[in-house]
Amino acid sequence: MSTSATTTVAAKGAAGRPRTAAPGRRAGRATARTHKAFSPWLFLAPGLLITLAFNLYPFLATVWKSFTDARTLTTGSFVGFDNFTALVHDDQFWVALRNSALYVVLVVPCLVFLPLLLALLVQRHIPGIAFFRSAYYTPVVASVVVVALMWVWMLDDRGFINGVLRMVGVDPVPFLSNEWLLLFSSMALTVWKGLGYYMIIYLAALANVPKELHEAAEVDGAGPIRRFFAITMPSVRSTMVLVGALSSVSAFKVFTEVFMIAGPTGGPGGADTTLVMLIQRAGTGLQGRTGYASAMSIVLFLLTLVLMLLVLRADRKDKD
């Protein structure tokens, strides 16, 4: 057999045999697959560890403590649902729950609609509008403690507002000593401080509303009010749901505004105490009842969860 024929047969034989990857190449592919599978988890690891350490673990510890008679310096023993039973018979708890519920009912609608109207006012590009946008947003970046002290100074019996009332011959208004006026003053502070924050959210949503819709409606003879209800509100409805959800959670967890205006006792006789204030009062100090405070925290969590589910259900029902 000639040399060329031998070479041809050898080539055919080599081509007919299955080709196998080298051991080093197989190991490299396995390493690449492992790297691809675990690399995302390595990037997520810091955030997951922080979440587990500062969110999930404290939540689970609170759930466990709610079934114990733990105090600040003792772990306590398991008492079942005794803390929750005590809540039902605690008059102060029902007062705090009433105040927190009133906060949600009265503050949330204001924070849903007033920032929208404010955003419509500052949406136009006219000279000097940037000053008003900054002015409306200033309370958001200001310290809530400083702002609350300013309100206390204005609402005090010898403060600015009552001073003006005295000048015009009107009796002073007991903003800080009347149970209901004190609570409504705290609500006004919460609304005033949150207007600018939600205004920015609405401005971003209004920027995505097509101008052609307003122009077409204006050509058809629709006035500003008609365009607001027919075009603006339907276009930002999802944003209104978001604002409602955020403001509802904030209203249920209100603490600083009431604490600074009503004081640590929660107003006269504790009549203006909120749930978070009651939790703070019950769970702090050397003899703080952390188990009882944990039970109230679980109730607050469940109420907030139910409220969020209702908001989402209402939003889904409107879309359907």
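## Aromatic pairs

Two rings of Phe, Tyr or Trp, taking the six-membered ring of Trp, count as a pair here if their centres lie within 6.5 Å. By that rule, this predicted model holds 15 aromatic pairs. One of them joins Trp151 and Trp192, whose ring centres are 5.9 Å apart and whose planes meet at 55°. That angle makes the pair tilted, because stacked rings need planes under 30 degrees apart and edge-to-face rings need over 60.

Where do the two tryptophans sit? Trp151 belongs to helix H6 (residues 144-155) and Trp192 to helix H8 (residues 179-206), so their pairing ties together parts that are 41 residues apart in sequence. Their surroundings are worth a look too: Trp151 is buried, at a relative accessible area of 14%, while Trp192 is partly exposed, at 37%.

Elsewhere, one aromatic cluster is formed by Trp64, Phe67, Phe78, Phe81 and Phe84. A ring can also meet a charge: Arg289 lies over the face of Tyr292, at 4.3 Å from the ring centre.

## How H6 meets H8

The helices that carry the tryptophan pair also pack against each other, at an angle of about 135° and with their axes 11 Å apart. On the H6 side, the contact is made by Val144, Val147, Ala148, Trp151 and Leu155; on the H8 side, by Ser185, Ala188, Leu189, Trp192 and Lys193. Trp151 and Trp192 are thus worth finding in the viewer, as both appear in this contact.

Are H6 and H8 roughly antiparallel or oblique to each other? They are oblique, because an angle has to be over 145 degrees to count as roughly antiparallel. As for handedness, H6 passes H8 in a right-handed crossing.

## H10 and its neighbours

H8 turns up again around helix H10 (residues 224-235). In H10, Arg227, Phe228, Ile231, Thr232 and Met233 are buried. These buried residues pack against H8 and also against helix H4 (91-122), helix H9 (211-219) and helix H11 (237-252).

## Ser294, a long way along the chain

Now for a serine in helix H14 (residues 290-319), namely Ser294. Is Ser294 buried or exposed? Its relative accessibility is 8%, so Ser294 counts as buried.

Which residues does Ser294 touch, leaving aside neighbours within four places in sequence? Ser294 is in contact with Thr62, Lys65 and Ser66. Take Ser66: 228 residues separate it from Ser294 in sequence, yet their C-alpha atoms are 4.7 Å apart in space.

Methods:
Residues numbered from 1 in each chain as written. Predicted model: local features only at pLDDT ≥ 70, side-chain atom pairs only at ≥ 80, totals over all residues. Heavy atoms only, no water. Helix = DSSP H or I, 4+ residues; strand = E, 2+ residues; numbered from the N terminus. Buried < 20%, exposed > 50% of the residue type's maximum accessible area, 1.4 Å probe, protein only. Lys NZ or Arg CZ within 6 Å of the ring centre and 35° of its normal. Contact = heavy atoms within 4.5 Å. Axes fitted to C-alpha atoms, helices over the stretch in contact; angles between N-to-C directions. Parallel < 35°, antiparallel > 145°, perpendicular 65-115°, else oblique. Left-handed = near helix turned anticlockwise from the far one by under 90°.
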